[in-house]
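Thanks for making the time, everyone. I would like to walk through one model this morning, starting from its overall layout and then working inward to a few individual residues.

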Amino acid sequence: MKRIILITGGQRSGKSVTAERMALSMSDNPVYLATAHIWDDEFRKRVEIHQQRRGPQWTNIEEEKYLSRHNLEGRVVVVDCLTLWCTNFFFSREKAEWEQPTVDSALEELKAEFDRFTDQDAVFIFVTNEIGSGGVSENAIQRRFTDLEGWMNQYVAKKADEVILMVSGIEVKIKNT
């Protein structure tokens, strides 16, 4: 049963809706694992829109970092999203700027946690963003995060059985093994 699917694309490209539709086609009671930290009211409204779209058949779990602490054997799981999950390893609200993790240390921690989590016998549908498609940022912190996200996306895509790129609401199959 174990399967890893990665759905990637730009903002508002239809990634989450596609992931949810796919999960519902595989299970009557899928799991929605949300990785977001609510930063402000505008973001809270985005989360509420996602929540309203899903019905009572969903099991909702909120987990900012340690996905592997949840036993999801035999389930179909939408993880939304890798980008916000990476943010939670890249930036710690409890630490000063000079104490933040390096890109390399955050990436290694993310890879290890991803491997622990996906070691379960389940179907995992990961949603992520292609944030590096828009050019190189003038901001050093943004460039570091874009590197982290790009490398993590590559890691997940390599391990995935299927990769889908969303473009304007249209699915483009990138990988299907």
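Read from the N terminus, the elements of the protein follow the order β-α-β-α-β-β-α-α-β-α-β-β, where helices (H or I, at least four residues) and strands (E, at least two) are DSSP runs, numbered from the N terminus. That amounts to five helices and seven strands.

Before going further, I should say that this is a predicted model, in which local features need pLDDT of at least 70 and side-chain atom pairs count only at pLDDT 80 or more, while totals for chains, interfaces and linings use all residues. Residues are numbered from 1 along each chain as its sequence is written, and side-chain values use heavy atoms, with hydrogens and water left out.

On overall dimensions, the radius of gyration (taken over C-alpha atoms) is 16 Å, close to the 16 Å from the globule rule for 177 residues, so the protein is as compact as a globular protein of that length; the rule itself is 2.2 Å times the number of residues to the power 0.38. Along the principal axes, the C-alpha atoms fill a box of roughly 45 × 35 × 30 Å. The accessible surface comes to about 9600 Å², and 50% of it belongs to carbon and sulfur atoms; these areas come from the Shrake-Rupley method with a 1.4 Å probe, and for residues only the protein chains shown count as cover.

Of the 177 residues, 44% count as buried, meaning under 20% relative accessible area, as against exposed at over 50% and partly exposed in between (1.4 Å probe, protein chains only). If we take contacts (heavy atoms within 4.5 Å) between residues at least 6 apart in sequence, 75% of them join residues at least 24 apart.

Let me turn to the interior. In soluble globular proteins, nonpolar side chains tend to be buried together. A nonpolar core here is a set of buried Ala, Val, Leu, Ile, Met, Phe, Trp, Tyr and Cys residues joined through side-chain atoms within 4.5 Å. Which members of the largest core touch the most other members? Among its 30 residues, they are F117, F126, L148 and M152. At least two residues each are supplied by β1 (3-9), β2 (31-34), β4 (76-80), α3 (82-90), α4 (103-117), β5 (123-127) and α5 (140-159), and α4 gives the most, with six. A second, separate core has 15 residues, including I5, Y32, W58 and M166.

F126 shows how such packing reads at a single position: neighbours within four places in sequence aside, F126 is in contact with I4, I5, L6, I7, V79, L82, F114, F117, T118 and V156. V77, in strand β4, is buried with a relative accessible area of 0%, and its contacts, under the same exclusion of neighbours within four places, are V31, L33, L72, F117, V123, F124 and I125.

Helix α3 is mostly covered, since eight of its nine residues are buried, and the cover over those buried residues includes β1, α4, β5 and α5. T83 belongs to this helix and is buried, at a relative accessible area of 8%. The T83 side chain makes a polar contact of 2.9 Å with the side chain of N129, a polar contact being a pair of N or O atoms within 3.5 Å where, within protein, one must be able to donate a hydrogen and the other to accept it, and where residues adjacent in sequence count only if both atoms are side-chain atoms.

A charged-type name also turns up among the buried positions: E63, in the loop between β3 (59-62) and β4, counts as buried because its relative accessibility is 9%. Its side chain reaches the backbone nitrogen of Y66 at 3.0 Å, and a further polar contact, of 3.4 Å, joins the side chains of E63 and R69. Not counting residues up to four places away in sequence, E63 touches L33, A34, T35, R69 and H70.

Finally, how many disulfides are there? Taking a disulfide as a pair of cysteine sulfur atoms within 2.5 Å, the count is zero. For C81, the nearest cysteine sulfur is that of C86, 8.4 Å away. Both cysteines count as buried, C81 because it has 5% relative accessibility and C86 because it has 0%.
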